[in-house]
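Q: Could we go through this structure together? I would like to begin with how burial is defined.

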Amino acid sequence: MPRQLHLSAALDSPGRLDAGHYAALARLAERATLDFVTLDDSFAAEPSRPDALAALARTAPLTGRVGLVPTVTTTHTEPFHTSISVNTLDWVSEGRAGWLVGVSTTEAEARAFGRRPVAAEDELWAEAADAVEVAARLWDSWEDDAEIRDTATGRFIDRDKLHYIDFEGPRFSVRGPSITPRPPQGRPVVVVPVTAADLAPDASPGGRARVDAAIRYADVVLLDAPDRATRLTAATELRLRAGENLRVLARLDAALPDRAADQRLLDELTATGTGVDGFHLSPADPSRDLAALADRIAPALRAAGLLRTEYTGRTLRDHLGLARPASRYAARPADGSPASTAAPALAEVTR
């Protein structure tokens, strides 16, 4: 029996601001039983686009299974607020949220905020790595059973099961805990984009920093590689450095105007020896190409045993075959003493 592919797709539609458009695209992706969809975002004024987190939060109640992964930029934003926003998406989607980590590299975007000058890309990705670390700690800062909702005593939470995260870094410090309960998935899925050039010996400092962030924190890497041989080499190196729990999806252009094009996307999807777990599809015309994916490509992949016939799990981690992580603060040392200091339900953040 061949191993089933993990497939995702971008919903990016520059110039489209109506949430209904993105909900309709996500439903097409769900009909194709894709693992997840992504929606790009940036602080640039052009091209116009919706806030990715808000658009996918609106999409969540209009879909039932497909994962929802917005780009959320760590530059010019507070890591505490980012963690709460992604956590909220996980709650409203009932465990289907991910986070495509992005950084802001342009002078124009820095001027739009007026808080800091533009920084080098390696510094931005080092900051992004710290932001993901803070988010993971904050998601863990409520143990799974911290909510008690005891109306008889008027107690909502067990404060002994809330924890300071005590993060101190060169760019910001966050004491915690979070102000929202632990996400349904424990931690929403973290997705990091990487190019094959980032892994080359002569990679730029920014590329190396992006790979470092992916190795340390990504559940999924979206890999940009120019050909199959380069894709295999890059995917192999990523797994050697990150471990087998990393899912590597190769970016693939998906223009599907006719059946001849269908046969070319199929040949690429079913090729052996690629080294990846699946593909992240970038439609040329999202409405047309996602419909073709649902109506023509997905049935062919199912017939070949390469794609699920239906969703068997509920969460995005289920779709990807990733375990739900335990809270790091719930563990207890052998002597039975607390793993960390219990905290009140107030967060402290300094920058």
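A: A residue counts as buried when its relative accessible area is under 20%. Please note that this is a predicted model.

Q: How many residues of β9 are buried, then?
A: In strand β9, residues 189–195, 6 of the 7 residues are buried, so the strand is mostly covered by the under 20% criterion.

Q: Which strands pair with β9?
A: Strand β4, residues 98–102, pairs with β9 in the parallel sense over 3 bridges. Strand β10, residues 220–224, also runs parallel to β9, and 5 bridges join the two.

Q: What is the bridge partner of valine 194 in β10?
A: The partner is leucine 223. Between these two strands, the chain passes from β9 through helix α6, residues 205–217, to β10, in a right-handed β-α-β crossover.

Q: Where does α6 lie?
A: Helix α6 lies across β9 and β10, and runs at about 150 degrees to β9.

Q: And what is the overall strand order of the barrel?
A: The closed barrel has 8 strands with parallel pairing, in the order β1-β2-β3-β4-β9-β10-β11-β12. Direction ignored, neighbouring strands of this sheet are turned by 30 degrees against each other on average.

Q: Changing topic: which residues have the most contacts inside the largest nonpolar core?
A: They are Leu11, Leu223, Leu269, Phe279, Leu281 and Leu301, in a core of 75 residues. Another core, of 11 residues, lies apart from it; among its members are Phe36, Leu100, Val189 and Leu316.

Q: Does Leu100 appear in the pairing as well, and what is its bridge partner in β9?
A: Leucine 100 has valine 191 as its bridge partner in β9.

Terms used
Residues numbered from 1 in each chain as written. Predicted model: local features only at pLDDT ≥ 70, side-chain atom pairs only at ≥ 80, totals over all residues. Heavy atoms only, no water. Buried < 20%, exposed > 50% of the residue type's maximum accessible area, 1.4 Å probe, protein only. Helix = DSSP H or I, 4+ residues; strand = E, 2+ residues; numbered from the N terminus. Pairing = 2+ DSSP bridges. Right-handed = clockwise from strand over helix to strand, strands pointing away. Core = buried A, V, L, I, M, F, W, Y, C linked by side-chain atoms within 4.5 Å. Axes fitted to C-alpha atoms, helices over the stretch in contact; angles between N-to-C directions. Contact = heavy atoms within 4.5 Å.
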